[in-house]
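Q: Hi! I'd like to get to know this protein a bit. Could you bring it up so we can go through it together?

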Amino acid sequence: MALLDLLGRRWTLRIMWELRDSTPQTFRGLQARCGDVSSSVLTTRLRELGEAKLVTHEGEGYVLTDQGASLLGHLRPLDAWATKWAASLRRR
C-alpha cells in the first residue's frame with residue numbers, strides 16, 4: 001500500500017516517466033519536461049522518490065535507480081493497456 005500511496009501522489013508517475021531514458025535531468029530540465037509542476041511540488045516528489053530509493057541525484061542530475069527502472073518496467077504493460085483503452089474510447 002505504501003508504494004501505491006507514493007505512486008498515486010500528483011506528479012509522481014510523470015516524474016518517473018520523464019526519467020525513463022536514463023539521461024540525467026537537471027531540476028529545471030525535469031520541471032520543463034513535466035510542464036505545470038511547481039518547484040515546491042517537484043522538490044517534494046523528488047525527495048519522496050529518493051527516500052523510496054526509486055530516484056537518485058547524480059552529479060549531472062536526477063536519474064532512476066535500478067529499483068526505479070525495474071518498477072517502471074513493471075508499469076509498462078499498464079501503459080500499453082491504457083493506450084489501447086484510450087483508443088477504444090476515441091472510436092466510440
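A: Sure! One term to start with: a residue counts as exposed when its relative accessible area is over 50%, as buried when under 20%, and as partly exposed in between. Also keep in mind that this is a predicted model.

Q: Okay, so is E51 buried or exposed?

A: E51 is exposed, because its relative accessible area is 55%.

Q: Which residue does E51 meet in a salt bridge?

A: The partner is R47, with 3.7 Å from N to O. E51 and R47 are four residues apart in helix α4, which puts about one helical turn between them. R47 counts as partly exposed, at 44% relative accessibility.

Q: Are there salt bridges that share partners, and which residues do they join?

A: Yes, D5, R9, R45 and E48 are joined into one network that way. Within it, the side chains of R45 and E48 meet at 3.2 Å, N to O. That pair also sits in helix α4 (residues 39-51), three residues apart, so about one helical turn separates them.

Q: And are R45 and E48 buried or exposed?

A: Both R45 and E48 are buried.

Q: How many salt bridges are there in the whole structure?

A: A search finds six. One of them pairs E18 with R33, where the closest N and O atoms are 3.1 Å apart. E18 lies in helix α2 and R33 in helix α3 (residues 27-34), so this pair ties together parts that are 15 residues apart in sequence. E18 counts as buried, at 9% relative accessibility, while R33 is partly exposed at 28%.

Q: Let's zoom out. How many helices and strands does the chain have?

A: There are five helices and two strands. Along the sequence they come in the pattern α-α-α-α-β-β-α.

Q: What size of box do the C-alpha atoms fill?

A: Roughly 45 × 25 × 25 Å, taken along the principal axes. Of the chain's 92 residues, 29% count as buried.

Q: New topic: pockets! How much space lies in the largest one?

A: About 220 Å³. Its lining is made of L7, L13, W17, L72, L75, R76, L78 and D79.

Q: Which elements give two or more residues to that lining?

A: Those are α2 (12-18) and α5 (66-90). Helix α5 gives the most, with five residues.

Q: How many of the lining residues are nonpolar, and how many are charged?

A: Six are nonpolar and two are charged, with no polar ones.

Conventions:
Residues numbered from 1 in each chain as written. Predicted model: local features only at pLDDT ≥ 70, side-chain atom pairs only at ≥ 80, totals over all residues. Heavy atoms only, no water. 1 Å grid on protein atoms, 1.4 Å probe; cavity = no way out; pocket = protein on both sides within 12 Å on 5 of 7 lines; lining within 4 Å. Points joined across faces, edges and corners; volume = space filled by probe spheres on them. Nonpolar A, V, L, I, M, F, W, Y, C, P; charged D, E, K, R; others polar. Buried < 20%, exposed > 50% of the residue type's maximum accessible area, 1.4 Å probe, protein only. Salt bridge = Lys/Arg side-chain N within 4 Å of Asp/Glu carboxyl O.
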